[in-house]
Amino acid sequence: QVHLVESGGGLVQPGESLRLSCAASGITSISSMGWYRQTPGKEREFLAVLTFGGRINYADSVKGRFIITRDNSKNTVYLQMNSLKPEDTAVYYCNVRSQYNYWGRGTQVTVSS
């Protein structure tokens with residue numbers, strides 16, 4: 001059975017940091033793990049992806065502030081988010097790709113003073 005368990009969201013003030021985690025289980029032959037976010041009325045936005053070949057891509061909107069890493073032994077991907085801004089407020093989703101495309105349920109990140 002496939003499980004994607006996200007954690008680490010919450011409420012922070014502008015300029016602060018958060019680290020999101022996504023632990024995947026029940027998925028074999030993972031080709032990439034990544035993060036997206038979505039705000040009401042908008043399409044889901046790509047943030048970062050890390051392939052199991054070691055390639056990393058970031059959206060321009062988060063390049064230099066967000067860092068994606070993984071722990072292969074735990075099938076877990078992390079998103080370190082620094083210098084958070086109010087416009088980073090969104091629901092953040094983990095994405096895992098293998099033969100199929102899997103999504104987590106999302107974790108809310110709110111950046112507000």
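1. Let us start with a definition: rings of Phe, Tyr and Trp count as a pair if their centres lie within 6.5 Å. With that in hand, you can look for the aromatic cluster formed by Tyr-36, Phe-46 and Trp-103. Please keep in mind as you read that this is a predicted model.

2. How many aromatic pairs does the structure hold? There are 3 of them. In one, the ring centres of Tyr-36 and Trp-103 are 4.9 Å apart, and the pair is edge-to-face because the planes stand at 70 degrees, where over 60 is what edge-to-face requires. Tyr-36 belongs to strand β4 (residues 32-38) and Trp-103 to strand β10 (residues 101-103), so their contact ties together parts that lie 67 residues apart in sequence. Tyr-36 is buried, at a relative accessible area of 15%, whereas Trp-103 is partly exposed at 34%. Another edge-to-face pair joins Tyr-100 and Tyr-102, with 6.4 Å from centre to centre and 75 degrees between the planes.

3. Rings also meet charges here. Which residue places its charged end over the ring of Tyr-93? That is Arg-44, and the distance to the ring centre is 3.7 Å. Likewise, the charged end of Arg-70 sits over the ring of Phe-52, at 4.8 Å from its centre.

4. Now for the inside. The largest nonpolar core has 27 residues, and those touching the most other members are Trp-35, Leu-79, Met-81, Tyr-92 and Val-96. Several strands supply two or more residues to this core: β3 (18-25), β4, β5 (45-51), β7 (66-71), β8 (76-81), β9 (90-97) and β11 (107-111).

5. A good next stop is the open sheet, which is made of 4 strands in the order β1-β3-β8-β7, with antiparallel pairing. Why do β1 (3-7) and β7 each have one side without a neighbour in the sheet? They stand at the edges and each has a single partner strand, so one side of each is left free of a neighbour. On average, and ignoring direction, neighbouring strands of this sheet are turned by 15 degrees against each other. As a general reminder, strands of a sheet pair through backbone hydrogen bonds, in a parallel or an antiparallel way.

6. Within that sheet, β7 and β8 run antiparallel and are joined by 6 bridges. To find their register by eye, look for Asp-71, which stands opposite Thr-76 in β8.

7. Strand β5 deserves a visit of its own. Is β5 largely enclosed or largely open? Of its 7 residues, 5 are buried, so the rest of the structure largely encloses β5. On one hand β5 pairs with β4, through 6 bridges in an antiparallel run, and Ser-32 has Thr-51 of β5 as its bridge partner. The hairpin of β4 and β5 has 6 residues between the strands, and Gly-41 there takes a positive phi near 80 degrees.

8. β5 also pairs with strand β6 (residues 56-58), again antiparallel, by 3 bridges. Here Leu-50 is matched with Ile-56 in β6. These two strands form a hairpin with 4 residues between them, and Gly-54 in its turn has a positive phi of about 100 degrees.

9. Finally, the charged pairs. In general, side chains of opposite charge can pair when their charged atoms come close. The structure holds 4 salt bridges. One of them links Glu-45 with Arg-37, where the closest N and O atoms are 2.8 Å apart. Glu-45 is partly exposed, with a relative accessible area of 29%, while Arg-37 is buried at 7%.

10. Another salt bridge, between Lys-63 and Asp-60, has its closest N and O atoms 3.3 Å apart, and both of these residues are exposed. In contrast, Asp-88 and Arg-65 are both buried; their salt bridge brings the closest N and O atoms to 2.7 Å. Asp-88 is in the loop between β8 and β9, and Arg-65 is in the loop between β6 and β7, so this pair ties together parts 23 residues apart in sequence. Which residues do salt bridges with shared partners join into one network? The network is made up of Arg-37, Glu-45, Arg-65 and Asp-88.

How values were computed
Residues are numbered from 1 along each chain as its sequence is written. Side-chain values use heavy atoms; hydrogens and water are left out. Rings of Phe, Tyr and Trp (its six-membered ring) pair if their centres lie within 6.5 Å; planes under 30 degrees apart count as stacked, over 60 as edge-to-face and the rest as tilted. Buried means under 20% relative accessible area, exposed over 50%, partly exposed in between (1.4 Å probe, protein chains only). A charge sits over a ring if NZ of Lys or CZ of Arg is within 6 Å of the ring centre and within 35 degrees of the ring normal. A nonpolar core is a set of buried Ala, Val, Leu, Ile, Met, Phe, Trp, Tyr and Cys residues joined through side-chain atoms within 4.5 Å. Two strands pair if DSSP finds at least two bridges between them. Axes are lines fitted to C-alpha atoms, for helices over the stretch in contact, and angles run from 0 to 180 degrees between N-to-C directions. A salt bridge is a side-chain nitrogen of Lys or Arg within 4 Å of a carboxyl oxygen of Asp or Glu.
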